[in-house]
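Let's take a walk through this model together, starting with its strands and ending at the ligand. Keep the 3D view open as you read.

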Amino acid sequence: MQPKVGVIMGSKSDWPTMEHAVAMLDKLGVSHEVRVVSAHRTPDLLFDYAKTAESRGLQVIIAGAGGAAHLPGMAASQTCLPVLGVPVESHALKGMDSLLSIVQMPGGVPVATLAIGKAGATNAGILAAQIVALQDPAVATALKAFRTQQTQTVLDNPDPRAE
Ligand code: RP5
């Protein structure tokens, strides 16, 4: 199926975080592709990927990176597609460096920045599905079912001490 979401990350070492975004896309039935694209190790590949994303049928890009995390911002500079940035938790600064690198875009080239780590990657997958759902009724239905089930799970388990 033609991918609607592109999931890119700066390094293979980002995968344990970014796999949570992909898991949500799988769960919600959103077609996607996954690539390692590094802003500083493969800059030409990054430019080519972002420049051709829209013409290849992508509707959203999820970009995860850690440290001096310029991947989401550089991707956003080369496309008008929405770019969702996931700050990957770094060893030295626990992802604060990644978060600030991604969130502090100068006005004019936005990156929608998620939380650090697993929660951010999970929410990036859900948010990408919400964007795709604007034009895809099957994904909209899957999203509503996911939210309903999530609510029901909390309501069904009111006692935090229960196994
Ligand atoms: C960034 O540098 C990547 O996104 C990764 O989070 C970080 C470390 O990369 P590796 O040295 O593990 O390849 O570009």
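**From strands to ligand**

In this predicted model, a good place to begin is strand S1 (residues 5-9), which pairs with strand S2 (residues 32-36) in the parallel sense over 5 bridges. If you look at Ile 8, you will find that its bridge partner in S2 is Arg 35. Helix H1 (residues 15-27) joins the picture here, as S1, H1 and S2 make up a right-handed β-α-β unit.

Now step back to the whole sheet. It is open and has 5 strands, ordered S2-S1-S3-S4-S5, with parallel pairing. S2 and strand S5 (112-113) are the edge strands, each with a single partner, so one side of each has no neighbour in the sheet. H1 packs on this sheet and touches S1, S2, S3 and S4, with its direction at about 170° to that of S1.

Further along the chain, strand S3 (residues 60-66) pairs with strand S4 (residues 83-88), again in the parallel sense, over 6 bridges. Within this pair, Ala 63 stands opposite Gly 85 of S4. Helix H4 (residues 96-103) lies across S3, S4 and S5 and runs at about 160° to S4.

What surrounds the ligand? Its shell consists of Met 9, Gly 10, Ser 11, Ser 13, Asp 14, Ser 38, Ala 65, Gly 66, Gly 67 and Val 88. By class, that shell has 3 nonpolar, 6 polar and 1 charged residues.

Finally, an unreviewed UniProt entry places the feature "domain: PurE" at residues 3-154. The end C-alpha atoms of residues 3-154 are 33 Å apart, and the span is 47% helix and 16% strand.

Conventions:
Residues are numbered from 1 along each chain as its sequence is written. This is a predicted model: local features need pLDDT of at least 70, side-chain atom pairs count only at pLDDT 80 or more; totals for chains, interfaces and linings use all residues. Two strands pair if DSSP finds at least two bridges between them. Helices (H or I, at least four residues) and strands (E, at least two) are DSSP runs, numbered from the N terminus. A crossover is right-handed if, with the strands pointing away from the viewer, the path from the first strand over the helix to the second runs clockwise. A residue is near a molecule or strand if its C-beta atom, placed from the backbone, lies within 6 Å of it. Ala, Val, Leu, Ile, Met, Phe, Trp, Tyr, Cys and Pro count as nonpolar, Asp, Glu, Lys and Arg as charged, and the others, Gly among them, as polar. UniProt positions are given in the numbering used here, feature names are shortened, and annotations may be inferred rather than shown by experiment. Two residues are in contact if their C-beta atoms, placed from the backbone, lie within 7 Å. Axes are lines fitted to C-alpha atoms, for helices over the stretch in contact, and angles run from 0 to 180 degrees between N-to-C directions.
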